[in-house]
Amino acid sequence: MSGDAALERLKREGRIVVVGASLAGLRAAETLREKGFAGSLTMIGDEPHEPYDRPPLSKQVLLGKATADRTALPRRLDIDAKWRLGVPAAGLDMKARRVRLADGDEVEYDRLLIATGVRARPWPKAEEGALDGVFVLRTRDDGAALERALAAGPGRVLVIGAGFTGSEIASACRERGLAVTVAERGDAPLVGALGGVVGAVAAEMHRENGVDLRTGIMVTALEGDSSGRVRAAHLSDGTTLEAEVVVVSLGAQRNTEWLTGSGLGAGPRGIACDAGCRAFDIWGIVTDDIYVAGDVARSPHALFGYQFLSLEHWGNAVAQAETAAHNMLSESAERRPHVWVPAFWSSQFGVNIKSVGVPSMGTEIVITQGSRAERRFVGVYGYQGRVIGAVTFDQCRWLDFYEQQIEQTAPFPPPYSTVDRRPEGNRPLDADFPDPSVPTHGPTITLSGYSPADRRMTFTPAHN
């Protein structure tokens, strides 16, 4: 069979299964159809809803400006798929090419895309986490339930964790006129993602907007009343805080448990894949029929020392899904790498925060434009003498320029003079990231080393 004939057959025939009815899953499915795939397409999702957009949940939905059921993702085209919603995947048989569902059914595939994403990390004490008034925020149902609780006008809201989501929740509470306390074990909000220099600015924003921000502190227990409703939190400094609503914002867990025993290189840090989105097996051997995209993927990136990166970014999910779909329908010579430069944004306390690159790799930071005191600045991160990332507070017009600097491995500190460069921007500062062995609630990018599989793990096959 000629190469052209084989490629045409790849596009026209077969069964593709997408596990994860998410942003990445939907965009991959649309790309498959756009590129001519005419075979069977099955979409598996653990939620009962078709794909929806998550960023509005901590922004417009919590402010009551949009309802959670109005966050459905727009469709580029009809993907002509069989939808299996509300039933999560429970296992994978790589040899037989079957996905096992929680209801006992099995779905056969010729090519598989895994886009199962992440879930909110729950409160570690299950009985306390089950109290009425304790929430997490990840799903559409989470957003609707939390908005109802905020609309009821609670006397005080406690947010546990001051990462991006926790900070956005606190911002929404203050905009609604609610008293809110934020408890963060790190030294400042956003410190895990952006470091202490920028975290200090974020802390000032919280306090200037009326947030009772408590840093360097942990919530040790949640207390309920006789009716099973949360009433107070106990803190590591010995104090007790009364609260009617508690939002647990302790980061995310990657949805990989269903792959235990499958032979795929999956674990708590995600599913290892190559730059073309092909999954590795437990031995570090690349598969040719299983692909990964979105928050659950960890893949090497040429711009960042070929470190395996796990990215919880909206734009990355779209770009990686499109790359995975392209490669699923291509022979080896036509495949392309996923080399998207990480980019992220947040809106809180009236300030638009955006970043590019991997700030958390940086050891130094220099303020190249604007002023931290004015909450309007550009911070550029350096690592081993090169630009590795940048963050902007209400200065996003500079992002494209710094993205180019990252792609060109430009020297750090930047040697040029720029407009609006203030005296504080003349010298690099220690970026002041926390010890990575101490958990924080802020990172949206995880550097997980070079190895696709932890060599200490024991592999027990699910099938003989």
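Two strands are taken to pair if DSSP finds at least two bridges between them. Helices (H or I, at least four residues) and strands (E, at least two) are themselves DSSP runs, numbered from the N terminus. The model is a predicted one, in which local features need pLDDT of at least 70 and side-chain atom pairs count only at pLDDT 80 or more, while totals for chains, interfaces and linings use all residues. Residues are numbered from 1 along each chain as its sequence is written, and side-chain values use heavy atoms, with hydrogens and water left out.

A good place to start is strand β10 (residues 157-160), which has partners in β16 and β11. With β16 (residues 245-248), β10 pairs in the parallel sense over 4 bridges, and I160 has V248 as its bridge partner there. With strand β11 (residues 180-184), the pairing is again parallel and runs over 4 bridges; here V157 is matched with V180. Strand β16 also pairs with β9 (residues 134-135), in the parallel sense and over 2 bridges, and V134 stands opposite V246.

What about the side chains on these strands? In a regular strand they alternate between the two faces of the sheet. In β10, V157 and V159 point one way, L158 and I160 point the other way, and all are buried (buried means under 20% relative accessible area, exposed over 50%, and partly exposed in between, with a 1.4 Å probe and protein chains only). Strand β16 tells a similar story: V245 and V247 go one way, V246 and V248 go the other, and all are buried. Helix α5 (residues 164-175) enters the picture through A170. The C-alpha atoms of A170 and V159 are 6.9 Å apart, and the two residues are 11 apart in sequence. A170 counts as buried because its relative accessible area is 0%.

Turning to charges, a search of the whole structure gives 28 salt bridges, each being a side-chain nitrogen of Lys or Arg within 4 Å of a carboxyl oxygen of Asp or Glu. One of them joins the side chains of R54 and E47, at 3.4 Å from N to O. R54 is partly exposed at 25% relative accessibility, whereas E47, at 15%, counts as buried. Another salt bridge brings R97 and D289 together at 2.9 Å, N to O. This pair links distant parts of the chain, 192 residues apart: R97 sits in the loop between β4 (89-93) and β5 (98-101), and D289 in strand β21 (residues 286-292). R97 is partly exposed, with a relative accessible area of 35%, and D289 is buried at 13%.

R375 and E208 also meet in a salt bridge, at 2.5 Å from N to O. R375 is in the loop between β26 (364-371) and β27 (376-383) and E208 is in helix α6 (residues 191-208), so the pair ties together parts that are 167 residues apart in sequence. The arginine, R375, is buried with a relative accessible area of 11%, while E208 is exposed at 57%. Elsewhere, salt bridges that share partners join R15, R98, E106, E108 and D110 into one network.

Some negative charges form a surface patch instead, made up of D187, E364, D430 and D432. Patches consist of residues with over 30% relative accessible area and no salt bridge, with like charges joined within 9 Å and nonpolar side chains (Val, Leu, Ile, Met, Phe, Trp, Tyr) within 5 Å. D432 lies in the loop between β29 (429-430) and β30 (445-447) and is partly exposed, at a relative accessible area of 42%.

Finally, there are a few backbone oddities. Most residues other than glycine have a negative phi, and most peptide bonds are trans. R375 turns up again here, with a positive phi near 60° in a residue other than glycine. C277 has a positive phi as well, near 80°; its place is in the loop between β19 (270-272) and β20 (278-280). At 0% relative accessibility, C277 counts as buried. As for peptide bonds, F412 and P413 are joined by a cis one, with omega about 0°, and P413 is found in the loop between α8 (399-407) and β29.

Note on methods
Accessible areas come from the Shrake-Rupley method with a 1.4 Å probe; for residues, only the protein chains shown count as cover. Lys and Arg count as positive and Asp and Glu as negative; His and the chain ends are not counted. The place of a charge is taken as NZ of Lys, CZ of Arg, CG of Asp or CD of Glu.
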